[in-house]
Amino acid sequence: MGYGNRAGVTMLIALAYLLRKKQFTLNIPFSKFGKVSASILKIGIAPFGLTMSPNISLIIINRFSMSYGGEPAVATYACIAYVICIVYLILQGVGDGSQPLLSQHYGEKNFDMLKSTRNLAYGFAFFLSVIGCIIMYLTRESLGILFGVSKEVNTEIAKIMPVFLLSVPFVAILRITTASFYATEKSMFSYVLTFIEPLFMLVLMLILPPLLGGQIMIWWSTVLARILSAFLAVILKNHVDKKEMP
């Protein structure tokens, strides 16, 4: 069963439970239905994009990897992506978990608590990213074996993994900042941060590999795109803080 089918079955089960417990109510006047729906979509685009943008990035990486490194390069990144995605999802969980608190503090105009909660999320996400990096670095020589790849691909995974691990703490910054933006009605900034990484990646892969070394620059373009996205996140965050949070 595909992911979409599993999600659909899970939704039906959850809906049936809510209806049975009489906890599913919809008290929105029809005249306000469009406005409420637009508001939900406005906020929901960013977390939806956080889920979709890695797939966009994967398409870009695989497309360029096939041109420069062929099937072994695609196999190498497939294994790395499967493993490192675990850490990314954990970091996204920290961002999504902090979002309701950030929204509450923002609604209450309690900017001190908002900053404190956001800093706590940054610290915890950074801590988890470091722990994840240490585990993946120590096990890098056996990761390919889990996926049944060839000895050559497994060796390449062990060689390239440290390059990708450099970007993980920056992804932590990006995930928390994006969550804080859509939690505090800065939807446009959250859109920018959600979709800027694939754009940076595409531009870098068009420029760097032909100039500086083929497939290895595909890997570095991926890492640099995430680092640049994190720097942009910090710049936007500081801009908002100076403007709205004394």
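## Helix 6: buried face

A residue counts as buried when its relative accessible area is under 20%. In this predicted model, the buried residues of helix 6 are Val-153, Asn-154, Ile-157, Ala-158, Ile-160, Met-161, Val-163, Phe-164 and Leu-165. They pack against helix 3, helix 4, helix 5 (143-146), helix 7 and helix 9.

## Helix 6: length and bend

Helix 6 has 15 residues. At 1.5 Å a residue, its expected span is 21 Å, and its end C-alpha atoms lie 21 Å apart, so the two values agree. There is a bend of about 30° at Lys-159. A proline, Pro-162, follows within four residues of Lys-159.

## The nonpolar cores

The largest nonpolar core holds 41 residues. Phe-164, Val-168 and Trp-219 touch the most other members. Seven elements each supply at least two residues of this core: helix 2 (30-68), helix 3, helix 4, helix 6 (151-165), helix 7, helix 8 and helix 9 (215-244). Helix 3 gives the most, with 11 residues. Another core lies apart from this one and has six residues, including Leu-174, Phe-181, Ala-233 and Leu-236. In soluble globular proteins, nonpolar side chains tend to be buried together.

Trp-219 deserves its own look. Leaving aside neighbours within four places in sequence, Trp-219 is in contact with Ile-61, Ser-65, Ala-73, Thr-76, Tyr-77, Ile-160, Val-163 and Phe-164. Of these partners, Ile-160, Val-163 and Phe-164 are among the buried residues of helix 6.

## Loop residues with positive phi

Lys-109 sits in the loop between helix 3 (70-107) and helix 4. Its phi is near 60°, a positive value in a residue other than glycine. Lys-109 has a relative accessible area of 56%, over the 50% cut-off, so it counts as exposed.

Glu-185 sits in the loop between helix 7 (168-183) and helix 8 (187-212). Its phi is near 65°, again positive in a residue other than glycine. Glu-185 is exposed because its relative accessibility is 59%, where the cut-off is over 50%.

## Asn-119

Asn-119 belongs to helix 4 (residues 111-138). Its relative accessible area is 47%, between the 20% and 50% limits, so Asn-119 is partly exposed. In sequence, Asn-119 and Ile-176 are 57 residues apart. In space, their C-alpha atoms are 9.3 Å apart.

Definitions and conventions:
Residues numbered from 1 in each chain as written. Predicted model: local features only at pLDDT ≥ 70, side-chain atom pairs only at ≥ 80, totals over all residues. Heavy atoms only, no water. Buried < 20%, exposed > 50% of the residue type's maximum accessible area, 1.4 Å probe, protein only. Core = buried A, V, L, I, M, F, W, Y, C linked by side-chain atoms within 4.5 Å. Contact = heavy atoms within 4.5 Å. Expected span 1.5 Å × (residues − 1). Bend = angle between axes of the 7 residues up to and from the residue.
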